[in-house]
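Please open the model in your viewer and keep the sequence panel beside it, so that each selection can be followed in both.

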Amino acid sequence: MDDRAYSGSGPAQLRSLLPEDYEEDFLFVADRTALASDGYPILVVPVPDEDEDEDARPRTEFRVVATELWSVENNLSIANMDWGDFSDNVGDDGVFRGF
């Protein structure tokens with residue numbers, strides 16, 4: 001989080017740093033915005049899967065307040081909920097604050 005080597009890196013650059021055996025289809029980024037804003041809105045970045053359906057609705061980044069991060073991680077990890085369940089329920093500022 002404080003490694004200057006990643007300063008200014010965007011989601012595409014961060015995804016390219018993931019190991020080949022990375023199994024999750026998302027990653028969390030604690031960037032400058034997250035650390036400087038109320039609620040610590042962590043950036044949630046989709047990691048494309050090579051088997052992903054090309055006709056599927058594209059997954060877009062969104063932010064989640066730190067107190068709701070568990071909900072996003074738990075439910076996406078076990079496929080209890082879909083990406084859109086969260087990204088469709090963000091506020092006008094693009095931050096998910098819970099249901």
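Is Ser87 buried or exposed, judged by its relative accessibility? Select Ser87 in this predicted model: its relative accessibility is 15%, and because buried means under 20%, the residue counts as buried. Ser87 has its place in helix 4, and, leaving aside neighbours within four places in sequence, Ser87 is in contact with Arg57, Thr60 and Phe62.

Next, colour the sheet by strand. It is an open sheet of four strands in the order 1-2-3-4, and its pairing is mixed. At the edges stand strand 1 (26-29) and strand 4 (95-96), each of which has a single partner strand, so that one side of each is left without a neighbour in the sheet. If you then select strand 3 (residues 62-64) together with strand 4, you will find the two paired in the parallel sense over two bridges, with Arg63 standing opposite Val95 of strand 4. Add helix 3 (residues 69-77), which packs on the sheet and touches strand 1, strand 2 (42-46), strand 3 and strand 4, while its direction makes about 165 degrees with that of strand 1.

From here, turn to the side chains of the interior. Select Phe26, Ala34, Ile42, Val44, Phe62, Val64, Val72, Leu76, Trp83, Phe86 and Phe96, the eleven residues that make up the largest nonpolar core; strand 2, strand 3, helix 3 and helix 4 (83-87) are the elements that give two or more residues to this core. Apart from it lies another core, of six residues, which include Leu14, Leu43, Val45 and Val47. Returning to the largest core, centre the view on Leu76, which touches Phe26, Met81, Asp82, Trp83 and Phe86 when residues up to four places away in sequence are not counted.

Finally, display the aromatic rings, among which the structure holds five pairs. Phe96 and Phe99 form an edge-to-face pair, because their ring centres lie 5.0 Å apart and their planes stand at 70 degrees. The accessibility of each partner is worth checking in turn: Phe96 counts as buried, at 0% relative accessibility, whereas Phe99 counts as exposed, at 63%. Add Phe86 to the selection, and you have a cluster of Phe86, Phe96 and Phe99 linked by ring pairs. As a last stop, select Trp83 with Arg59, which lies over the face of the Trp83 ring at 5.0 Å from the ring centre.

How values were computed
Residues numbered from 1 in each chain as written. Predicted model: local features only at pLDDT ≥ 70, side-chain atom pairs only at ≥ 80, totals over all residues. Heavy atoms only, no water. Phe/Tyr/Trp six-rings, centres within 6.5 Å; stacked < 30°, edge-to-face > 60°. Buried < 20%, exposed > 50% of the residue type's maximum accessible area, 1.4 Å probe, protein only. Lys NZ or Arg CZ within 6 Å of the ring centre and 35° of its normal. Pairing = 2+ DSSP bridges. Contact = heavy atoms within 4.5 Å. Axes fitted to C-alpha atoms, helices over the stretch in contact; angles between N-to-C directions. Core = buried A, V, L, I, M, F, W, Y, C linked by side-chain atoms within 4.5 Å.
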